[in-house]
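Subject: A structure for you to look at

Hello,

Here is the structure I promised to hand over. Please open it beside this email, and then follow along as I go through what was found.

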Amino acid sequence: ICGVVALRSLKSEQVKEFLKDKSESVRAEAARAIHDDFSIPNALPDLAVSLNAPIKNGESFVRRAINANFRLGKNENILQLTRFATNVNQSLKFSKIAIENVGNWLTEDPLDQVTGRFQKLDTTMRILDKSTMEVVANRLGEIASGNQAELISSSLKAVRSLKVELNEKFLNAIVFSAKSPSEAKIEALVSLNKF
């Protein structure tokens with residue numbers, strides 16, 4: 001921890017080496033060092049990639065890793081978020097946060113989602129190529145066809161905000177299925193109306 005704090009005060013990107021530490025508290029402190037305040041930009045990609053690491057991390061780390069992907073805003077980052085969200089071993093809470101970040105991909109919220117610090121993002125650079133958009137749409141569609149009410153609604157909202165048109169039969173199936181939660185039916189109806 002002392003090493004992380006020292007590297008943080010020096011704004012050294014070498015703090016990224018601690019993202020793989022055996023101790024969860026050291027990893028969380030390294031994530032804070034890289035992400036918080038004015039951040040350490042050169043280490044931000046390492047924090048983003050660590051989102052899908054096999055190591056189990058706590059909420060403090062995961063939220064910052066999700067937000068690092070959002071802040072970087074490249075095609076590989078949105079793919080990492082959707083891969084993370086579709087991981088069956090992931091908690092619903094974290095999957096939902098990742099899906100919401102995907103849904104906000106094209107919005108310009110000046111406040112950082114973790115720290116609340118003003119950090120204006122340039123969303124004009126967030127151009128998703130066709131193959132990335134297809135993968136994202138498929139993964140979100142996979143979530144929407146699942147049985148987790150919160151995730152279905154979040155994924156339908158995300159698809160809509162990315163302006164991806166879902167199959168009408170698929171949306172109708174959600175609306176008319178007795179098993180579909182009411183919140184999911186509402187989102188499916190809104191999507192049908194929009195498209």
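Let me start with one residue: Asn-69 counts as buried, because its relative accessibility is 0% and buried means under 20%. Please keep in mind that this is a predicted model, so everything below is computed from predicted coordinates.

**Asn-69 and its helix**

Asn-69 lies in helix α4. Which residues does Asn-69 touch, once its neighbours within four places in sequence are left aside? The contacts are Ala-48, Leu-51, Asn-77, Gln-80, Leu-81 and Trp-105.

Some of those partners belong to the next helix along. On the α4 side, Val-62, Ile-66, Asn-69, Phe-70 and Leu-72 take part, and they meet Asn-77, Gln-80, Leu-81 and Phe-84 in α5. Sorted by class, the residues of this contact are 6 nonpolar and 3 polar, with no charged ones.

If helix packing is new to you, here is some background. Two packed helices are described by the angle between their axes and by the distance between those axes. In this model, α4 covers residues 59–72 and α5 covers residues 75–85. Their axes come within 8 Å and cross at roughly 145°.

**Thr-82, on α5**

Helix α5 also holds Thr-82. Is Thr-82 buried or exposed? Thr-82 counts as buried, since its relative accessibility is 1%. Apart from neighbours within four places in sequence, Thr-82 is in contact with Val-102, Val-136 and Arg-139. You can also try finding Thr-82 and Leu-51 on screen: they are 31 residues apart in sequence, and their C-alpha atoms are 11 Å apart in space.

**Helix α7**

Two of the partners of Thr-82, Val-136 and Arg-139, are among the buried residues of α7. The full set of buried residues in α7 is Thr-132, Val-136, Ala-137, Arg-139, Leu-140, Gly-141, Ile-143 and Ala-144. What do these buried residues pack against? They pack against α5, α6, α8 (149–161) and α9 (168–176).

The helix itself has 15 residues. From its first C-alpha to its last, α7 reaches 21 Å, close to the 21 Å expected at 1.5 Å a residue.

**Ser-191**

Towards the other end of the numbering, have a look at Ser-191, which is found in helix α10 (residues 182–194). Ser-191 counts as buried because its relative accessibility is 2%. Leaving aside neighbours within four places in sequence, Ser-191 is in contact with Leu-156, Arg-160 and Leu-171.

**Pockets and a cavity**

Now for the empty space. Rolling a probe the size of a water molecule over the atoms shows where such space is left.

The largest pocket contains about 290 Å³ of space. It is lined by 14 residues, and the closest to its centre are Ala-53, Ile-55, Lys-56, Phe-84 and Gln-90. You have met Phe-84 already, as one of the α5 residues in the contact with α4. By class, the lining of the largest pocket has 7 nonpolar, 6 polar and 1 charged residues.

The second largest pocket has a volume of about 230 Å³. Of its 13 lining residues, Ala-85, Thr-86, Ile-143, Gln-148 and Leu-151 lie nearest the centre. The elements giving two or more residues to this lining are α6 (92–103) and α7 (130–144). Its classes come to 5 nonpolar, 7 polar and 1 charged.

How many cavities of 30 Å³ or more are there? The count is 1. The largest cavity has a volume of about 40 Å³, and its lining is made of Asn-67, Phe-70, Arg-71, Asp-109, Leu-111, Asp-112, Gln-113, Gln-119 and Leu-121. That lining divides into 3 nonpolar, 3 polar and 3 charged residues.

**Two backbone angles to check**

Finally, here are two loop residues for you to find. Lys-11 sits in the loop between α1 (2–10) and α2 (24–35), and its phi is near 60°, a positive value in a residue other than glycine. Lys-11 counts as partly exposed because its relative accessibility is 45%.

Asp-37 is in the loop between α2 and α3 (44–49). The phi of Asp-37 is near 55°, which is a positive value in a residue other than glycine. With a relative accessible area of 35%, Asp-37 is partly exposed.

Happy exploring, and do write back with any questions!

Methods:
Residues are numbered from 1 along each chain as its sequence is written. This is a predicted model: local features need pLDDT of at least 70, side-chain atom pairs count only at pLDDT 80 or more; totals for chains, interfaces and linings use all residues. Side-chain values use heavy atoms; hydrogens and water are left out. On a 1 Å grid over the protein atoms alone, a cavity is a set of points where a 1.4 Å probe fits but cannot get out, and a pocket is an open set with protein on both sides within 12 Å along at least five of seven lines; lining residues have an atom within 4 Å of a point. Grid points are joined across faces, edges and corners, and a volume is the space filled by probe spheres set on the points. Ala, Val, Leu, Ile, Met, Phe, Trp, Tyr, Cys and Pro count as nonpolar, Asp, Glu, Lys and Arg as charged, and the others, Gly among them, as polar. Helices (H or I, at least four residues) and strands (E, at least two) are DSSP runs, numbered from the N terminus. Axes are lines fitted to C-alpha atoms, for helices over the stretch in contact, and angles run from 0 to 180 degrees between N-to-C directions. Contact means heavy atoms within 4.5 Å. Buried means under 20% relative accessible area, exposed over 50%, partly exposed in between (1.4 Å probe, protein chains only). The expected span of a helix is 1.5 Å times one less than its number of residues.
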